[in-house]
Amino acid sequence: MRRLPLPIDLAWQQLRHEPRKLLAGASGVVFAVVLMFMQFGFRDALFDSATAVQRRMSGDLFIVHRQSQTLWRMAPFTRRRVFQALAVPEVARAGYLYVTLVDWKNPWTGRHRATLMFGIDPAVGLLDLPGVAEQLDVLKDADTVLYDEHSHREFGPVGDVLRAGQPFSAEVNNRRLAVRGLFRLGASFAADGNLVTSHENFLRVVGSRMPSQIDVGILLLKPNVDPAAVQIAVQRLMPNDVHVVTRDELVRLEYDFWQNSTGIGFVFTLGALMGFVVGIVIVYQILYTEIANHLSQYATLTAMGHSHRFLLGIVGGAALILCVLGYVPGLLMSAALYRLTEGATFLPMTLGVAKPALVLGLTLTMCFVSGGFALRKLRDADPADLF
């Protein structure tokens with residue numbers, strides 16, 4: 001008894017007798033699969049790293065300037081707006097955040113790198129990042145910061161020095177700061193590293209910033225209240241210079257900036273599309289050559305009374321075999337590359353479930369579209385060609 005349907009079995013018999021073509025077709029699918037996985041992975045890493053802080057803010061509602069587009073380039077507004085929000089009874093607490101790019105000087109090489117600095121109130125916190133909550137007290141000292149140990153290596157071996165128990169300081173915006181601890185966030189496409197400090201230290205480093213000009217207002221609500229109703233109530237108290245948003249809306253603001261204003265998200269999507277197109281071309285060439293080389297056999301099957309649908313099944317079976325032989329190793333290679341990339345860059349490269357399902361669907365489509373194009377050669381499969 002056959003384990004495979006007859007058309008697929010015939011397709012396998014054809015392909016396995018020409019191992020070089022089989023290897024070339026499977027390799028082409030592997031290349032396309034890995035390219036799609038990596039492009040989708042970089043695109044998702046872009047959005048995940050850009051919105052990591054927004055998803056870790058300890059708040060329910062947020063106040064931002066209407067002209068703000070992205071966290072690393074917010075439009076400051078007066079902190080009076082945060083205090084105004086406390087007039088709504090459902091608002092339990094309110095705080096605010098300073099954010100800006102600063103210049104870090106590597107003490108070992110003297111090179112300068114842009115890093116993102118967050119100014120928080122040590123008494124309140126409001127940033128739920130691993131390592132921050134446990135070290136809020138050290139930020140009360142003047143000229144102290146916490147350093148993101150997942151920053152790029154170009155900042156120097158800061159983490160190694162601190163874990164060894166040695167004191168460490170660095171110049172940030174030409175001001176000497178003591179690095180008193182580590183936390184974990186990760187680099188993003190906006191900045192290669194991150195620092196957390198207090199409001200007072202932030203203002204010392206960024207001398208041009210007025211204390212009253214903040215970047216994000218953070219509101220914590222009382223239990224069992226409707227956030228949507230509170231959002232409307234707070235927004236009614238606010239002038240037109242700011243708007244009150246939920247966490248999802250704050251994340252969407254960042255997502256839209258990278259997707260629409262920079263075009264980087266489009267570039268990664270286009271890269272995945274190019275992998276899809278390359279895969280179609282490679283698989284088409286293999287299937288077309290396979291049909292051309294066995295045209296007499298196809299004509300014989302037609303003369304024996306097999307329908308055109310049966311011939312379609314053979315070509316479709318060959319496309320399915322190439323899909324399976326290319327997708328599985330492509331998935332395994334991509335998983336290894338994800339781990340390698342995440343370890344080297346600290347970007348959040350995760351496979352998940354949706355991404356493999358998406359790439360599998362695209363790979364199946366790619367192979368069957370290629371088979372559809374190659375089927376045009378079967379029009380030449382006329383029994384009269386044998387005689």
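**Exercise 1. Count the salt bridges, then place the one that Asp44 makes.**

Solution. The count comes to 13 salt bridges, taking a salt bridge as a side-chain nitrogen of Lys or Arg within 4 Å of a carboxyl oxygen of Asp or Glu. Before going on, a word on the model: it is predicted, so local features need pLDDT of at least 70 and side-chain atom pairs count only at pLDDT 80 or more, while totals for chains, interfaces and linings use all residues. Residues are numbered from 1 along each chain as its sequence is written, and side-chain values use heavy atoms, with hydrogens and water left out.

Step 1: find the partner. Asp44 pairs with Lys355, N to O at 3.2 Å.

Step 2: place both ends. Asp44 sits in helix H2 and Lys355 in helix H12 (residues 354-374), so this bridge ties together parts that are 311 residues apart in sequence. Helices here are DSSP runs (H or I, at least four residues), strands likewise (E, at least two), numbered from the N terminus.

Step 3: check exposure. Buried means under 20% relative accessible area, exposed over 50%, and partly exposed in between, with a 1.4 Å probe and protein chains only. Asp44, at 21%, is partly exposed, whereas Lys355, at 8%, is buried.

**Exercise 2. Work out which residues join Glu149 in a salt-bridge network, and which pocket Glu149 helps to line.**

Solution. Step 1: start with the pair. Glu149 and Arg163 meet at 2.6 Å, N to O. Glu149 is in the loop between strand E5 (144-148) and helix H5 (158-163), Arg163 is in helix H5, and the two are 14 residues apart. Glu149 is partly exposed at 23% relative accessibility.

Step 2: widen the view. The network links Glu149, Asp160, Arg163 and Arg184.

Step 3: look at the space beside them. A pocket is an open set of points on a 1 Å grid over the protein atoms alone, with protein on both sides within 12 Å along at least five of seven lines; a cavity is a set where a 1.4 Å probe fits but cannot get out, and lining residues have an atom within 4 Å of a point. The second largest pocket has 13 lining residues, and Glu149 and Arg163 are among those nearest its centre. H5 gives the most to this lining, with four residues. The space in this pocket is about 200 Å³, a volume being what is filled by probe spheres set on grid points joined across faces, edges and corners.

**Exercise 3. Describe the lining of the largest cavity and say which helix gives the largest share.**

Solution. Step 1: search. The whole structure has three cavities of 30 Å³ or more, and the largest holds about 130 Å³.

Step 2: list the lining. It has 17 residues, with Ser49, Ala50, Val53, Leu116 and Ser188 nearest the centre. Helix H2 (19-50), helix H3 (52-56), strand E4 (112-120) and helix H8 (247-261) each give two or more. H3 has the largest share, three residues.

Step 3: sort by class. There are 11 nonpolar, five polar and one charged, where Ala, Val, Leu, Ile, Met, Phe, Trp, Tyr, Cys and Pro are nonpolar, Asp, Glu, Lys and Arg are charged, and the others, Gly among them, are polar.
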